[in-house]
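Biologist: I'm new to reading protein models. Could you walk me through this one, feature by feature?
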Amino acid sequence: MPMPHRTQMQVIKRRLVGKEGADRTRELRAILAELPNYRNGPYADIRKWVNSQIDETRARGRVLHRDSIAVRREGAAQIALVGAPNAGKSSLLQALSSIQIKTGDYAFTTTRPVPALTRIGGVLVQLVEIPGLIGGAHEDRGGGRALLGVLRGADAIVYCHACGAPLEELETVRTEVAAAGIELPAILAATKADDAPPPTHPELEVVPVSVLDDGSLERFRKRLWLLTGLVRVHLRDGGDPVALEPPVSVEDVAHSIHHELGSRCTGARVWGPSARFPGQRVGRAHELLDGDAVEILDR
Ligand SMILES: Nc1nc2c(ncn2[C@@H]2O[C@H](COP(=O)(O)OP(=O)(O)OP(=O)(O)O)[C@@H](O)[C@H]2O)c(=O)[nH]1
Ligand SMILES: [Mg+2]
């Protein structure tokens, strides 16, 4: 004898409390299997309700998935652009890459992290605008916890601060990052440098940049590369340069091209910072420096 339908409905709702996503669907299916299979009357209505809940849970799952703010890593390194609203993050992202992004003369133009690839000396680096970090972000104000989660996964930070804006704006953001326990190599991009003189900062290296000045963008790009901490090695016989974590040996470079080349390689000829003279012959253990060009020698 099934229990009265009103009681049944209460029991069902209680079983669903706090369940979301796949968990909720599983519970709903179990409930469906236990329900008497009447075609009409209150039990048929309950079946209908449970079925509609399954559909709804699925739909919600899809939306949540689409709105999740995770950023897929691409390129040799990931650098986050962080700063107060309106600091010029999106404009910088746009000037350094080929993406089209909304910029605006008001706060919170960007509401989710936006990734874009930029090529620096032949190597792709991913920039990610982290928007909307406000006071209290580390306690999840303004959805700050998820945003800080994305930041935590980055390799380095570019703090963006408009020349002429009060430095407290920047310090509010830095306080949140520190409170979240995030410690990454960082520089300060003094944005809108065409507008006002750049500030000085007691801790961060200041790099003035204006999206209206190509020269400043080129200098900024070079500084970004140093921020990745990677060593870039050009290949004399063509192809994209290789970017690796230091220390980088000739063998490491050969291996990154092809693991067989890694074991076959006997050394290299080197041009650039680590070579005593252009085209120096070195062994496979020779340590390469950023900006070197090599010709791998093999058996
Ligand atoms: N003069 C000048 N204005 C700039 C420069 N970069 C950005 N701006 C202006 O500053 C305003 C804000 O730029 P956004 O790039 O949207 O700033 P944001 O930091 O992405 O802002 P939110 O996404 O709202 O946090 C816009 O009106 C831009 O046109 C610059 O180099 N020079
Ligand atoms: Mg923006």
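Biologist: How far does a polar side-chain atom of Lys89 lie from an oxygen atom of ligand 1?

Modeller: Keep in mind that this is a predicted model. To read a polar contact, look for a pair of N or O atoms within 3.5 Å. Here, the Lys89 side chain puts a polar atom 2.8 Å from an oxygen atom of the ligand. Asp194 does something similar with its side chain, where a polar atom lies 2.7 Å from a nitrogen atom of ligand 1. Backbones can join in too: a backbone N or O atom of Val211 is 2.9 Å from an oxygen atom of ligand 1.

Biologist: Okay, and how much of ligand 1 does the protein cover?

Modeller: On its own, ligand 1 has 660 Å² of accessible area, and the protein covers 86% of that. As for where to look, ligand 1 sits in the largest pocket.

Biologist: Which residues come nearest to ligand 1?

Modeller: There are 20 residues around ligand 1, and the nearest are Lys89, Ser91, Thr109, Lys192 and Asp194. You can also sort that shell by character: six residues are nonpolar, nine polar and five charged. Helix α4, residues 89-96, gives the largest share of the shell, with three residues.

Biologist: Let's move to salt bridges. How many does the structure hold?

Modeller: For these, pair a side-chain nitrogen of Lys or Arg with a carboxyl oxygen of Asp or Glu. The structure holds 12 of them. One is between Arg15 and Glu27, with the closest N and O atoms 2.8 Å apart. Arg15 belongs to helix α1 (residues 5-16) and Glu27 to helix α2 (residues 21-34), so this pair ties together parts 12 residues apart in sequence.

Biologist: What about the backbone? Which residues does a cis peptide bond join?

Modeller: Start with the general idea: most peptide bonds are trans, and most residues other than glycine have a negative phi. In this model, a cis peptide bond joins Pro246 and Pro247, with omega at about -5°. Pro247 is in the loop between β8 (242-244) and β9 (248-249). Then there's Asn86, not a glycine, yet its phi is positive, about 75°. You'll find Asn86 in the loop between β1 (78-83) and α4.

Methods
Residues numbered from 1 in each chain as written. Chains lettered and ligands numbered in written order. Predicted model: local features only at pLDDT ≥ 70, side-chain atom pairs only at ≥ 80, totals over all residues. Heavy atoms only, no water. Near = heavy atom within 4 Å. Polar contact = N/O pair within 3.5 Å; in protein donor to acceptor, adjacent residues only side chain to side chain. Areas by Shrake-Rupley, 256 points an atom, 1.4 Å probe, with all protein chains shown as cover. 1 Å grid on protein atoms, 1.4 Å probe; cavity = no way out; pocket = protein on both sides within 12 Å on 5 of 7 lines; lining within 4 Å. Sits in = over half its atoms within 2 Å of the grid points. Helix = DSSP H or I, 4+ residues; strand = E, 2+ residues; numbered from the N terminus. Nonpolar A, V, L, I, M, F, W, Y, C, P; charged D, E, K, R; others polar. Salt bridge = Lys/Arg side-chain N within 4 Å of Asp/Glu carboxyl O.
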